[in-house]
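Please read the following report with the sequence and the structure side by side. It deals with a sheet, with one residue beside it, and with the way two parts of the chain meet.

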Amino acid sequence: MALTLYVDTARWRAHHKHVQEQFPGLVPVCKGNGYGFGHERLAEEATRMGSDILAVGTTYEAARIKDWFSGDLLVLTPYRRGEEPVPLPDRVIRSVSSVDGVYGLVGARVVIEVMSSMKRHGVSEQELPQLHAAIENVRLEGFAIHLPLDRTDGSDAVEEVIGWMDRLRAARLPLHTMFVSHLKTDELARLQQQFPQTRFRARIGTRLWLGDHEATEYRGAVLDVTRVAKGDRFGYRQQKAASDGFLVVVAGGTSHGVGLEAPKALHGVMPRAKGVARAGLATVNRNLSPFVWGGKQRWFAEPPHMQVSILFVPSDAPEPKVGDELVAHLRHTTTQFDRLVDR
C-alpha cells in the first residue's frame, strides 16, 4: 500500500515535445526533488529528448546526476569562494554572479549571471568593466538572466533583456549565448530576431515537467477503515468524533510532504479571504486534507502522521474499503512518492 504517482507517459512526453518545439535549444531544469519525479527519472527524460545540457540546482545534485546524464550539467546556484569542494567532471558548468567568483574559478567553464529586476544575485552594470580581465582565465559559456514571474509595474521582460544585451555589448563582452528564464515563446522569438548572432537558451523546469496537469495524478491507498460514532475518542490526542462516520487511514504522511505547504503569494480580496478562513479553521483543529473521496476533499481527523494520514469521512458518504485509492491534490515540488507508475 503506497502513495503513488501515476503518469500518463505518452501524454507527458507529448507535452515535452510541444515545449521543445516552442523553445528551440531549451535547457531542461532538474533541481530540488526533481519536480516530484526524482532526479534519475528526469535525467532519463532529458536524454530521451536529446538534450545536450541539463540544469541542476546545486553541486551536490550535479554529483548525483552525473552518472545518469552524459551531457553537460549547468549548476544554477552561483559559486562562492570558500564553498565545500565537490568532485565534479569537466562537463559541469558553474554559474557565477560576481567578479570575485569568476576569479575563483580559473580554468573552469562558467556562465555569468547578471542582476535582473529579481534582485536576487548577479553581476551589476558597474562591475562589467572588471569582467574583461576576469574572463581571460575561464571558459565562458555565456551570460544568463533570471527574470521575475509577475510584472506588477507593467514593465516588459523583453526590454529588460535588451537593456542587458546593450550593456554587455557596450562593455565589449562576448554575446554568443544568453541563458534566460521565464520568457514566453513570442518574447524569446522577439529577442532572437533582434539579436540573430546570439543563441538564446531558455532554462525551463515547471512548464516542461508540470505544464500538463492532466498527465499526472497522485493517489494514496486506503490501509484501514474504522467506523466511529459521535463522541468516540480516537488518535494520539484522543479527540472526540464530531459525528458518526469513518476514520480512514491512507498512505501519505509528512515524510511524503502531505500536510506541508510552501507559502503562497496572494493577490486580490477573495484569495486573501479564503486564506484567513483556512487559518481560522486551523485554530480549532479543522484542516482540509489533499485527499478526495466521494467527490469532496476530506478533512484530516488529526494532523498527518509520518507515513499515513487519518481522515474523517462522514456517514453520509460512501464507505471506503481497504485497497481503494484516494486522489490527492499535492504539490509536486514538495511531495515524495513511494512508487511511480507509468500507464
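In this predicted model, strand β4, which covers residues 72-75, is joined by 3 bridges to strand β5, which covers residues 92-96, and the two strands run parallel. Within this pairing, Val75 has Arg94 of β5 as its bridge partner. Both strands belong to an open sheet of 8 strands with parallel pairing, in the order β2-β9-β8-β7-β6-β5-β4-β3. The edges of the sheet are taken by β2 (27-28) and β3 (53-56), and because each of these has a single partner strand, one side of each is left without a neighbour in the sheet. As a general point, the strands of a sheet pair through backbone hydrogen bonds, in either a parallel or an antiparallel manner.

The loop between β4 and β5 contains Arg91. Leaving aside residues up to four places away in sequence, Arg91 touches Lys66, Phe69, Ser70, Gly71, Asp72, Leu73 and Arg109. With one of these residues, Phe69, the side chain of Arg91 makes an approach to the backbone oxygen at 2.7 Å. Arg91 can also be placed relative to Ile53, from which it is 38 residues apart in sequence and 9.3 Å apart in space, C-alpha to C-alpha.

On a wider scale, the protein chain is divided into domain 1, residues 8-210, and domain 2, residues 216-342. How do these two parts meet, and which residues of domain 1 lose the most area to domain 2? The contact involves 8 residues of domain 1 and 10 residues of domain 2, and the area buried between the domains is about 780 Å², with carbon and sulfur atoms giving 52% of it. On the side of domain 1, the residues that lose the most area to domain 2 are Asn33, Gly36 and Phe37, which together account for 46% of what that side buries.

Polar interactions also link the domains, since the rule finds 6 residue pairs in polar contact across the interface, with both residues at pLDDT 80 or more. By class, the side of domain 1 that touches domain 2 has 3 nonpolar, 3 polar and 2 charged residues. The count of salt bridges between domain 1 and domain 2 is 1. The side chains of Arg41 and Asp342 meet in a salt bridge, at 2.8 Å from N to O.

The distances given in this report are collected below.

| Pair | Distance |
|---|---|
| Centres of domain 1 and domain 2, over C-alpha atoms | 38 Å |
| Arg91 and Ile53, C-alpha to C-alpha | 9.3 Å |
| Arg41 and Asp342, N to O | 2.8 Å |
| Arg91 side chain and Phe69 backbone oxygen | 2.7 Å |

Definitions and conventions: Residues are numbered from 1 along each chain as its sequence is written. This is a predicted model: local features need pLDDT of at least 70, side-chain atom pairs count only at pLDDT 80 or more; totals for chains, interfaces and linings use all residues. Side-chain values use heavy atoms; hydrogens and water are left out. Domain bounds come from an automatic or database domain assignment. Contact means heavy atoms within 4.5 Å. Buried area is the accessible area (1.4 Å probe) that two parts lose on being put together, summed over both. A salt bridge is a side-chain nitrogen of Lys or Arg within 4 Å of a carboxyl oxygen of Asp or Glu. A polar contact is a pair of N or O atoms within 3.5 Å; within protein, one must be able to donate a hydrogen and the other to accept it, and residues adjacent in sequence count only if both atoms are side-chain atoms. Ala, Val, Leu, Ile, Met, Phe, Trp, Tyr, Cys and Pro count as nonpolar, Asp, Glu, Lys and Arg as charged, and the others, Gly among them, as polar. Two strands pair if DSSP finds at least two bridges between them. Helices (H or I, at least four residues) and strands (E, at least two) are DSSP runs, numbered from the N terminus.
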